[in-house]
Amino acid sequence: MDRLKGKTIFIGKEPGQGRLMLAIKDGGQIKATTLGQTNSVPNCVSRCKPAEDIAHCKIDFDANGQMTITNLKSQNITFINGVEIVSKRISTSDLIALGKDKFILNISSIIDCGKKLLGPIVEEFSIKHLEYIWEKYEKALENITIQQQEKGRKRMLPLMVSIGSGALTAILTPIFGPNALITAIIPIISFVMYLKIYNEKDTSVEDRKKAQNELIDNYCCPNPKCKHFLGSLPYKVLRQNKNCPYCKAKWNEK
């Protein structure tokens, strides 16, 4: 019944085919359907023309889901439990009949058709928290890149020391003569530096995998009935979508 709250169902005879016609105005659109066989509705039931607000009767659903049926023309006749009415609150247990021939309406079928016309309720959820999740993921990838660049620079350091020591030896040898101490120490220093850098644990693979797993776990549709991973779309791109591509729930940034 929630789907019908605040809505109005117009009821009458379908022009031309003579079937029972139901129509609802929803968001500026008219949604209509028919029930029964051709010419199954007697002429005593007025035609339904929802675009012109013409029908035999209408059923209004208030904010609490309570129903009120209203006869729309003085020449029409609408009965509730055998009593002619102009407007009356009804329930699913009431017997509704239209016209002098007392064409019977099944109120439960009317409600079911109304729900189908409107379709399921489209829920709405905020995706604002996904902005933080995406920014955290991008920051993690940035830190991994910086660490890899720093490690690359460190790996170049022993080579630079060796090159520098060779150049220094070439400059100083003509002045001071061969210096065995410098020649021996510099390679040792370079080797120690290389071992230290080589033995530093590279966690970039683990860190990247951890960041990706956190994204997969948290960068999801906020609809608890969906929770589908939204892929590696940046939040700036994601926010342009107004609905989840999987459950069709509406999104906002409140």
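This passage describes a six-stranded sheet, the helix packed on it, and a further helix, α4. The structure is a predicted model, in which local features need pLDDT of at least 70 and side-chain atom pairs count only at pLDDT 80 or more, while totals for chains, interfaces and linings use all residues. Residues are numbered from 1 along each chain as its sequence is written, and side-chain values use heavy atoms, with hydrogens and water left out.

The sheet is a good place to begin. Helices (H or I, at least four residues) and strands (E, at least two) are DSSP runs, numbered from the N terminus. Six strands form an open sheet in the order β3-β2-β1-β4-β5-β8, with antiparallel pairing; two strands count as paired if DSSP finds at least two bridges between them. Its edges are β3 (29–35) and β8 (87–90), each of which pairs on one side only. From one strand to the next, the twist averages 25°, where axes are lines fitted to C-alpha atoms, for helices over the stretch in contact, and angles run from 0 to 180 degrees between N-to-C directions. Helix α1 (residues 107–118) packs on this sheet and touches β1, β2, β3, β4, β5 and β8, contact meaning heavy atoms within 4.5 Å. The direction of α1 makes about 45° with that of β2.

Within the sheet, strand β1 (residues 8–13) is largely enclosed by the rest of the structure, because five of its six residues are buried. Here buried means under 20% relative accessible area, exposed over 50%, and partly exposed in between (1.4 Å probe, protein chains only). Strand β1 is joined to the antiparallel strand β2 (residues 20–26) by five bridges, and to the antiparallel strand β4 (residues 57–61) by four. Ile-11 stands opposite Leu-22 in β2 and opposite Cys-57 in β4. Following the register outward, Cys-57 in turn stands opposite Asn-71 in β5, and five bridges join β4 to this antiparallel strand (residues 67–71). Strands β1 and β2 form a hairpin with six residues between them, and Gly-16 in the turn has a positive phi of about 95°.

Helix α4 (residues 204–218) has 15 residues and should span 21 Å at 1.5 Å a residue, which agrees with the 21 Å between its end C-alpha atoms; the expected span is 1.5 Å times one less than the number of residues. The buried residues of α4 are Ser-204, Ala-211 and Leu-215. They lie on the same side of α4, because they cover an arc of only 40° around the axis, taken from the directions from the helix axis to the C-beta atoms. On the other side of α4, Val-205, Lys-209, Lys-210 and Asp-217 are exposed.
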